[in-house]
Structure formats: structure tokens, C-alpha cells
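Student: I'm new to this structure and would like a close look at a single part of it. Could you pick one helix and walk me through how it sits among its surroundings?

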Amino acid sequence: MYAQFFGNYLLSHGITKEQLMHAMQEANNEHPKLGTLAMHAGYMSASEVDRVIIMQTHEDKRFGELAIREGYLTEACLLYTSDAADEL
């Protein structure tokens, strides 16, 4: 949600839509989202990831925290997924 507000801020201060889209693509390539990593590892389904993302629009909590609370991830799976992300 913060990224959306920040993106709108940048657009209102002179960055072009194309520049913003390019920067977002680069960020996603270098730092895959935790939900994407959890799906690729087989820990979560796409619908579970979507549910957590929707929850994030209503609660100011991190993806992993909500996924654990909802029973989609264990702390061990979260740590393993986070460690795998650091190796990318």
C-alpha cells in the first residue's frame, strides 16, 4: 500500500509513468515478493497469497506476520523463504 502512495507521489513530482513502471519492474526482478517465493516453494497457493495481500490493505502488518497468523505459513517456512530470498 505504501508503494502505491509513493508511486503517486513520484508521479505528481515529475517522474513519468514509464520511468515508474521501469523502476518497479527492476525492484521486482531484484527482490521477489515473499508471497511469490512462498508459492514457488509450495508453502502457499496463489489464492492464499491473494488473501494475505488483501488483508494488508486493511491492516498495517507484514506479509509473513499475517500469513503465520492465518495458518498459511509456519515460522520455520517463513525463515526458510526469507533466507532463500537473501541468496537471490
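Tutor: Let's go with H4, whose buried residues pack against helix H3 (34–40) and H5. Keep in mind that this is a predicted model. The buried residues in H4 are Val 49, Val 52 and Met 55. Look down the axis of H4 and you'll see its buried residues fall within an arc of 120°, so they line one face of the helix. Swing round to the other side of H4 and you meet Ile 54 and His 58, which are exposed.

What about the length of H4? At 1.5 Å a residue, its 13 residues should span 18 Å, and the end C-alpha atoms are 19 Å apart, which agrees.

Now follow that buried face inward. Val 49, Val 52 and Met 55 belong to the largest nonpolar core, a set of twelve residues that also includes Ala 38, Met 44, Phe 63 and Leu 66. Helix H4 (46–58), helix H5 (63–69) and helix H6 (75–87) each put at least two residues into this core. Phe 63 is a handy one to click on: setting aside its neighbours within four places in sequence, Phe 63 is in contact with Val 49, Val 52, Ile 53 and Gln 56, as well as Leu 34, Gly 35 and Met 44.

Just before H4, there's an aromatic pair to look at, one of two that turn up in a search of the whole structure. The rings of Tyr 43 and Tyr 80 have centres 6.3 Å apart and planes at 85°, so this pair is edge-to-face. Tyr 43 sits in the loop between H3 and H4 while Tyr 80 is in helix H6, so the pair ties together parts that are 37 residues apart in sequence. As for cover, Tyr 43 has 27% relative accessibility and counts as partly exposed, while Tyr 80, at 53%, counts as exposed.

Finally, zoom out to see where H4 fits. The chain comes to six helices and zero strands, so to speak a run of α-α-α-α-α-α along the sequence. Buried residues make up 20% of its 88 residues, and Val 49, Val 52 and Met 55 of H4 are buried ones. Among contacts between residues at least 6 apart in sequence, 38% join residues at least 24 apart. The chain exposes about 6700 Å², with carbon and sulfur atoms supplying 56% of that area.

Conventions: Residues numbered from 1 in each chain as written. Predicted model: local features only at pLDDT ≥ 70, side-chain atom pairs only at ≥ 80, totals over all residues. Heavy atoms only, no water. Core = buried A, V, L, I, M, F, W, Y, C linked by side-chain atoms within 4.5 Å. Buried < 20%, exposed > 50% of the residue type's maximum accessible area, 1.4 Å probe, protein only. Helix = DSSP H or I, 4+ residues; strand = E, 2+ residues; numbered from the N terminus. Contact = heavy atoms within 4.5 Å. Areas by Shrake-Rupley, 256 points an atom, 1.4 Å probe, with all protein chains shown as cover. Expected span 1.5 Å × (residues − 1). Arc of directions from axis to C-beta. Phe/Tyr/Trp six-rings, centres within 6.5 Å; stacked < 30°, edge-to-face > 60°.
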